[in-house]
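Thanks for coming. I have one structure to go through today, and I will keep it short. Please have it up on your screens.

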Amino acid sequence: MIKQIILAITITFLLPLAVNAAEDSRVMVELPGHMKAHMLQNMRNHLVIIDQLLALISEDKFDQAADIAESELGMSSLHKHGAAHMAQFYPKGMQQAGTNMHKSASQFARTAQEGDLLDTLKALQKITASCTVCHAGYRVH
Ligand code: HEC
């Protein structure tokens, strides 16, 4: 019994340390100050878009969800985000993660147009999965 309690306590205190250690292993990406601010602003906007997509899907507005996903996150949004300019500062893996995110958003747009709820949710999760992959690997501060 005591052994189990000690084990439980050890796990409780060591697990967060392990998680912190994992966070520290993210690759630090140095960006010029104005670009960092711009990139983080884009990021906050990405989250706003995800929120809007969920709202539109829940209101059965699949076409609008498709339009916003494509124009704000999809391949059509690359120019708007100054992607080509930004990408030169990104490590290769981060560029790839970004491309995956834009591709998943365009795929989401095509799927949402078909209007099937479950397929649309699955496609949305592909987008958020690509957000989390990049977040797990890289940081800018
Ligand atoms: C190509 C890599 C990449 C992709 C893809 C990506 N992010 Fe980020 N995001 C980052 C990095 C790097 C940071 C800064 C993290 C740090 O330094 O701690 C960040 C930060 C953020 C922040 C915090 C912004 C702030 O002001 O601090 C939010 C919110 C965010 N991302 C949302 C998203 C969402 C939502 C998606 C997907 C739709 C997404 N991101 C996709 C790399 C990415």
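**Contacts, packing and the ligand shell**

Let me start with M86. Leaving out residues up to four places away in sequence, M86 touches M35, M39 and H81. M86 itself sits in helix α4, residues 83-87. Is M86 buried or partly exposed? M86 counts as partly exposed, because there are 18 C-beta neighbours inside 10 Å, and the threshold for buried is 20 or more. M86 and K36 are 50 residues apart along the chain, and their C-alpha atoms are separated by 9.4 Å.

I should say now that this is a predicted model.

Next, the overall layout. The chain has 6 helices and 2 strands, and from the N terminus the order is α-β-α-α-α-α-α-β. There are 141 residues, of which 18% count as buried. Taking contacts between residues at least 6 apart in sequence, 71% join residues at least 24 apart.

Now the pair α5 and α6. How do they pack? The angle is about 170 degrees, and the axes are 9 Å apart. Angles over 145 degrees count as roughly antiparallel, so α5 and α6 are roughly antiparallel to each other. On the α5 side the contact includes G93, A97, M101, A105, F108 and A112. On the α6 side, the residues involved include D119, A123, I127, C131 and C134. By class, the residues of this contact divide into 12 nonpolar, 9 polar and 2 charged.

F108 is worth a look on its own. Apart from neighbours within four places in sequence, F108 is in contact with A69, A123, L124, K126 and I127.

That brings us to the core. In soluble globular proteins, nonpolar side chains tend to be buried together. Here the largest nonpolar core has 15 residues, and those with the most contacts inside it are A65, A69, A105, F108, A109, A112 and I127. Which helices supply at least two residues each to this core? They are α2, α3, α5 and α6. The largest share, 6 residues, comes from α5.

On to the ligand. How many residues surround it? There are 20, and the closest are M43, G98, C131, C134 and R139. Two of the helices we have just discussed come up again: α5, residues 92-113, and α6, residues 117-137, each supply at least two residues of the shell, as do α2, residues 33-58, and β2, residues 138-139. The largest share of the shell, 6 residues, is from α2. Sorted by class, the shell has 13 nonpolar, 5 polar and 2 charged residues. G98, C131 and C134, which are among the closest to the ligand, are also in the contact between α5 and α6.

Two single residues before I stop. The first is A136, in helix α6. A136 is partly exposed, with 13 other C-beta atoms within 10 Å. A136 and S25 are 111 residues apart in sequence, yet 8.8 Å apart in space, C-alpha to C-alpha.

The other is D60, in the loop between α2 and α3, where α3 covers residues 62-73. What is unusual in the backbone there is phi: for D60 it is near 70 degrees, a positive value in a residue other than glycine. Is D60 buried or exposed? D60 is exposed, because 11 other C-beta atoms lie within 10 Å, and 12 or fewer counts as exposed.

That is all I have.

Terms used: Residues are numbered from 1 along each chain as its sequence is written. This is a predicted model: local features need pLDDT of at least 70, side-chain atom pairs count only at pLDDT 80 or more; totals for chains, interfaces and linings use all residues. A residue is near a molecule or strand if its C-beta atom, placed from the backbone, lies within 6 Å of it. Helices (H or I, at least four residues) and strands (E, at least two) are DSSP runs, numbered from the N terminus. Ala, Val, Leu, Ile, Met, Phe, Trp, Tyr, Cys and Pro count as nonpolar, Asp, Glu, Lys and Arg as charged, and the others, Gly among them, as polar. Axes are lines fitted to C-alpha atoms, for helices over the stretch in contact, and angles run from 0 to 180 degrees between N-to-C directions. Angles under 35 degrees count as roughly parallel, over 145 as roughly antiparallel, 65 to 115 as roughly perpendicular and the rest as oblique. Two residues are in contact if their C-beta atoms, placed from the backbone, lie within 7 Å. A nonpolar core is a set of buried Ala, Val, Leu, Ile, Met, Phe, Trp, Tyr and Cys residues joined through C-beta atoms within 7 Å.
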